[in-house]
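Please open the model in your viewer and keep the selection panel at hand. The tour below proceeds stop by stop, stating what to select and what is to be found there.

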Amino acid sequence: MMAKEGWSSSSEMSPSNDENLLQPGDEIRPKVGLEQVPGLVKHLYGLTVTSVTQLSSYDDKNFLIQVSKSVNNPHLKTTCPHGYVLKILNTMTSQGQKLVAAQNDMMIFLRKRGFNSPQPEKNVDGSSMILMELEPKDINITQNNVKLKPKKEHIVRMLTFIPGKTLYQVPYTPNLFFECGSYIAHLDNQLKEFQNEEVRSVAHMWMMKNTLYVRKFTYVLDNNEHRQLIHEVLDAWEKEVAPIIHQLEKGMIHGDLNDQNILVQPDDKDPSVNHIHGVLDLADIQYSCYLFELAITIMYPMVEVRVMPPLDVGGHILAGYLIHREISQQELDILKECVAARFAQSLVYGAYSHQQDPDNDYLLVTAARGWNVLQNFWNTPKNEVIARWKEIIQSYKE
């Protein structure tokens, strides 16, 4: 879910340049431990770490740090009272410095427009990131952009930490799903004003337009029924979605609005009620179909929802979405395939990453219930799926 930043390139994906994307067997995650973080933060940001905790991540290393009030950095006037997240990016993402800079720019853009989003901090050199050689027991800053060991170089940056809970951490309710739909539609409308050529050119395997790349990794699935299910989903995508992607409305999108990247906060009058409060992890920003943003937002809560059938999640999110954005009949007709395709990406890539990093159980979050949810969703006829979604949407109008 969070921080799948690595599997990417800033060139268009095609059969001729697949080598720019993650290949089976590649190891790209930073080999950096907790004990290195205080020295790294002191050296780069002039801050003294008082506590450090490693956060869950796919292919990067993220550390939540608290610091003392003393600052030895001309570009930092005060410290963030809630702490920071030190992000050490994997080797593949670290090859795209312009794209990471664009992510920083989008965070600033969103904050100026009233969205609650982490903000990049400048290091002692006045930069919002730095490319470094990082070894388990040795840290050397790359000088003059000379790459001595390209596969060991990692971008390091630090973002302000926003306290609170994610959607994943609170009880799901129909109203929260409705707010999610409204929020993402409003977000994507605002992002129409954000322009960046680097984002337009990015390609990575988690982008839904590249769904068929999943086929390259299905070998990791030991369960034959699971493998067959994924191939059915991919075949349907190839038949129903791929031929019309060029016709779908596109723009700048977040690209990974799952339930762990959406922040909530308690209602002022009733703390038992939560509202959408902000967004995290802009690592997958891209120029792509608005429909894909919607499908991603629908898919992840379906895995853990208990207060309603997983199928109903889509109806409540759609109802909120339609407050700010329309969805065409063409888009509605392929939304089921898009949601299922995101299941396929999450389940297969999660299984692959866990094979590479068996100690990282975070990679199997979707798999715990996801296979059964996907199977039931996929077995439900499309006309029944759409009819149920429309029924829920209509309930908000009555």
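**Stop one: strands β11, β12 and β8**

Select residues 262-266, which form strand β11; this strand runs antiparallel to β12, and five bridges join the two. Helices (H or I, at least four residues) and strands (E, at least two) are DSSP runs, numbered from the N terminus, and two strands pair if DSSP finds at least two bridges between them. Within this pairing, Ile-262 stands opposite Val-279 of β12.

Before moving on, note the basis of the tour: the model is predicted, local features need pLDDT of at least 70, side-chain atom pairs count only at pLDDT 80 or more, and totals for chains, interfaces and linings use all residues. Residues are numbered from 1 along each chain as its sequence is written, and side-chain values use heavy atoms, with hydrogens and water left out.

Now add β8 to the selection: the three strands make an open sheet in the order β8-β11-β12, with antiparallel pairing. β8 (165-166) and β12 (274-279) are the edge strands; each has a single partner strand, so one side of each is left without a neighbour in the sheet.

Next, centre the view on Asn-274, in strand β12. Is Asn-274 buried or exposed? Its relative accessibility is 13%, so Asn-274 counts as buried; the term buried means under 20% relative accessible area, exposed means over 50%, and partly exposed lies in between (1.4 Å probe, protein chains only). Beyond its neighbours within four places in sequence, Asn-274 has contacts (heavy atoms within 4.5 Å) with Val-170, Leu-176, Glu-179, Val-264, Gln-265 and Pro-266.

**Stop two: the loop after β12**

Proceed to Asp-281, in the loop between β12 and β13 (286-289). The phi angle of Asp-281 is near 55°, a positive value in a residue other than glycine. Most residues other than glycine have a negative phi. Asp-281 is buried, with a relative accessible area of 14%.

**Stop three: a cavity beside α6**

Select helix α6 (residues 290-304), which gives the most to the lining of the largest cavity, with three residues. The full lining consists of Tyr-290, Leu-291, Leu-294, Tyr-321, Arg-325, Glu-326, Ile-327 and Glu-331. A cavity is a set of points, on a 1 Å grid over the protein atoms alone, where a 1.4 Å probe fits but cannot get out, and lining residues have an atom within 4 Å of a point. The largest cavity holds about 30 Å³ of space, and the count of cavities of 30 Å³ or more comes to one. Grid points are joined across faces, edges and corners, and a volume is the space filled by probe spheres set on the points.

**Stop four: strands β2, β3 and β4**

Select residues 47-55 (β2) and 61-71 (β3), antiparallel strands joined by seven bridges. They form a hairpin with five residues between them. Two facing pairs can be displayed here: Ser-51 stands opposite Gln-66 in β3, and Val-49 stands opposite Val-67 in β3. Extend the selection to strand β4 (residues 84-88), which pairs with β3 in the antiparallel sense over five bridges. In that pairing Phe-63 stands opposite Leu-86 of β4.

**Stop five: Lys-152**

Which loop holds Lys-152? Lys-152 lies in the loop between β6 (138-141) and β7 (153-160). It is partly exposed, with a relative accessible area of 32%. Add Arg-29 to the view: the C-alpha atoms of Lys-152 and Arg-29 are separated by 9.5 Å, although the two residues are 123 apart along the chain.

**Stop six: the whole model, coloured by pLDDT**

Colour the model by pLDDT, the predictor's confidence in each residue, from 0 to 100. The average for the protein is 89, and 89% of the residues score at least 70. Over residues 5-17 pLDDT stays under 50, and the model has 52 contacts beyond four places in sequence for this stretch. Residues 137-144 also have pLDDT below 50, with 16 contacts beyond near neighbours in sequence. Where pLDDT is low, the predicted coordinates should not be read in detail.

Finally, show the entire protein: its secondary structure comes to ten helices and 13 strands. Buried residues make up 58% of its 398 residues.

How values were computed. On a 1 Å grid over the protein atoms alone, a cavity is a set of points where a 1.4 Å probe fits but cannot get out, and a pocket is an open set with protein on both sides within 12 Å along at least five of seven lines; lining residues have an atom within 4 Å of a point.
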